[in-house]
Amino acid sequence: MFGEWFIFGLSIYAWITMLTIISIFVVMARSRIPAEIAFLGALTVLLVTGVVTEEEGMAGFGSEPVVVHAAFFVIIAGLMQTGVLYWLTKNVLGDPKNYNNALLRLMVPTSILAALLNSVNVVALFIDAVKIWSRKLNISPSKLLLPLSYAATLGGMCTLLGNSSNLVVAGLYLNKTGRAINIFEPLIPGIVLTAVGVLMVMLLQRYIPPRKSAEQSFETTSDYTVELLVPTDNPAVGETVTDAGLYNVKGGSLVEIVRFDREIIMPVPKDEWILGGDRLIYAGQINEILELKRTHGLAAADKHVWSINDIDTKRKMRTAYVTFGSELIGQSMAQSDFEQKHNVALVAVARQGNRVKGQPREILLEAGDTLLLECPPKGDTQLEQTTRRTLTFFDSHFVPQLGPKTITSAIILVLMFIISSLHLMPLMASTMLAAGLMMLFGCCRITGVTKYIEWELLLILGATVVFSVAITKTGIADTIANQVLTMCGRNPYVVMAVMCLLASLVSEFVSDVGSSAVFFPIMFQQAEMLGCNPMPFVMSLMLSVTISFASPLGSNTHMLIYGPGSFRFTDFARLGIVMHIVLLTITLILVNIIYPLY
């Protein structure tokens, strides 16, 4: 009924769809609501209002991008558990002697592996190695982490598996035409763009900002604050801080006491009495101050400890970064139950390589903040899995055992690419077969596979397919396509350039996946209206939405390195804007050379 109502030439359903999609972009760009929640909410609106049917809504979650990604997560689990990825990390990168050598040894292998293993997986895999390199070469980690992310994004353009947006475009093209895109279809333009991108980074490396490493500052600073709690039965209760040996301590000094009733004592008198439940705030060398826990029976300040016997003396220090969309953004640890839920304690906070002054548990956290956490001695993998939507750990000590299964899983991966590239099987079937073989031959434990699956990404991918259907179904694609043709004339080169520019700009601030789903039906419609071959329009869109180098929001790989590199938001624009313009121009030229318009 509502579909018969029209406003400015568009149906009510079309306006609902446009407002819903715009709201997603606004929410993702301006709030800390996780992307999957925003997409799920938007999908709910489309279903409730009747823009899409239940069948259309569910069809998105059974589409090729979702199924291929789900299967590929299982494949990655096999490669991880059998040690293939560990072997690659250890042997591929090597041992660079200087910065220029490090850039080449980093970017070339990274771009190749990103094409085969997905750019996000490769960046997550190499971050620890890059941080070690930076220490050996005595340079800021940011000088290597930004090239790492750029190289992975560039390499991901070369295959359908390299970037999630590539699979979205390929899946939508399959739904529209019934023809599958070869897994290596974007290889030629992707290689050229990667080569140009690597060369630009080498030539313009001075525009990569040297940011102070938060982890190095944790190790060397003489001015970090640490919170320790006095258990109720501690012998120091009832003594003065001086008599208890807690006033002037090795490596630091007592700067503040926070009583259980929130009374703050600062500065602390030498004759101040110690009460059970007091939180002692020290400034100084973290490792030395933390020795007080062992020597004086103190505890982490995340909860009250009634007995010294309750203190776990075997806990270890780990570093984590607050992710974009984290539930911790905008609040302090004291306001959250995060520490109690995950059995961790916050020791210190750094932001953009510098400590944040104040009581660590009272600091309002931001995306990219570096947290020094005291963690349980065991259960690294479980902790990383349960907190991965909130924090990202990059100091995992998991070392798999290499053996026959290592070779088996590598062979399965190679066979998957051969079968798919030769069109012996569709991409979806070949990835599902590879995932099945990984489990059949014991390369990954069935019970442990789920922790490698990014359910949030699968939800986003399924929702974007539905949005694309809604844009086509409600006539939005046809209307916008006509408007652009009216403004730009019927020159296909101009139309393609304008649409790719818009798509790439949107992806800088929202998501390459969302941008590709929104612009695909419009560009495909334009190709049909102009009587052109749709492939150059499709390929130019696939590549242009990935050219997101000027903003940390433009790519998941940029978000991964944002915290470890202690970056500022504008750091990506210094080199990224130039790369965006140059690579977008080359993309449009290459695509029209390789794929004829008529």
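**Packing around helix 18 and the nonpolar cores**

Helix 9 and helix 18 are oblique to each other. The model is predicted. In it, helix 9 covers residues 164–177 and helix 18 covers residues 455–473. Their axes come within 11 Å and cross at roughly 40°. The pair counts as oblique because this angle lies outside the ranges for roughly parallel (under 35 degrees), roughly perpendicular (65 to 115) and roughly antiparallel (over 145). The crossing of helix 9 past helix 18 is right-handed. On the helix 9 side, the contact is made by S164, V168, L172, N175 and K176. Their partners in helix 18 are L457, L461, T464, V465, S468 and T472. By class, this contact holds five nonpolar, five polar and one charged residues.

Helix 18 also packs against helix 4. Here the axes are 9 Å apart, and the angle is about 165°. Helix 4 is therefore roughly antiparallel to helix 18, the angle being over 145 degrees. Helix 4, too, passes helix 18 in a right-handed crossing. P65, V66, H69, A70 and F73 form the helix 4 side of the contact. They meet L457, L458, L461, G462 and V465 of helix 18. Eight residues of this contact are nonpolar and two are polar, with no charged residue among them. L457, L461 and V465 thus occur in the contact of helix 18 with helix 9 and in its contact with helix 4.

H69 belongs to helix 4. H69 is buried because its relative accessibility, 6%, is under 20%. Beyond its sequence neighbours within four places, H69 is in contact with L457, L458 and L461, and with N118, S164 and L167. S164 is one of the helix 9 residues that meet helix 18.

The loop between helix 8 (142–156) and helix 9 contains T159. T159 counts as buried because its relative accessible area is 1%. Residues up to four places away in sequence aside, T159 touches A115, N166, I183, F184 and P186. N166 falls within the span of helix 9.

I75 is likewise in helix 4, which spans residues 64–81. I75 is buried because its relative accessibility is 0%. With neighbours within four places in sequence set aside, its contacts are L413, M416, T431, A434, A435 and M438. I75 and L437 are 362 residues apart in sequence. In space, their C-alpha atoms are 9.0 Å apart.

I75 is also among the residues with the most contacts inside the largest nonpolar core. The others named in this group are L79, L117, F467, F537 and M579. This core has 141 residues. A second core is separate and has 23 residues, including V230, A236, L246 and Y247. In soluble globular proteins, nonpolar side chains tend to be buried together.

Across the protein, there are 24 helices and 13 strands. The protein has 598 residues, of which 58% count as buried. Contacts between residues at least 6 apart in sequence were also classed by separation. Of these, 78% join residues at least 24 apart. The pair I75 and L437 illustrates sequence separation of a further extent, at 362 residues.

Methods
Residues numbered from 1 in each chain as written. Predicted model: local features only at pLDDT ≥ 70, side-chain atom pairs only at ≥ 80, totals over all residues. Heavy atoms only, no water. Core = buried A, V, L, I, M, F, W, Y, C linked by side-chain atoms within 4.5 Å. Buried < 20%, exposed > 50% of the residue type's maximum accessible area, 1.4 Å probe, protein only. Axes fitted to C-alpha atoms, helices over the stretch in contact; angles between N-to-C directions. Helix = DSSP H or I, 4+ residues; strand = E, 2+ residues; numbered from the N terminus. Left-handed = near helix turned anticlockwise from the far one by under 90°. Contact = heavy atoms within 4.5 Å. Nonpolar A, V, L, I, M, F, W, Y, C, P; charged D, E, K, R; others polar.
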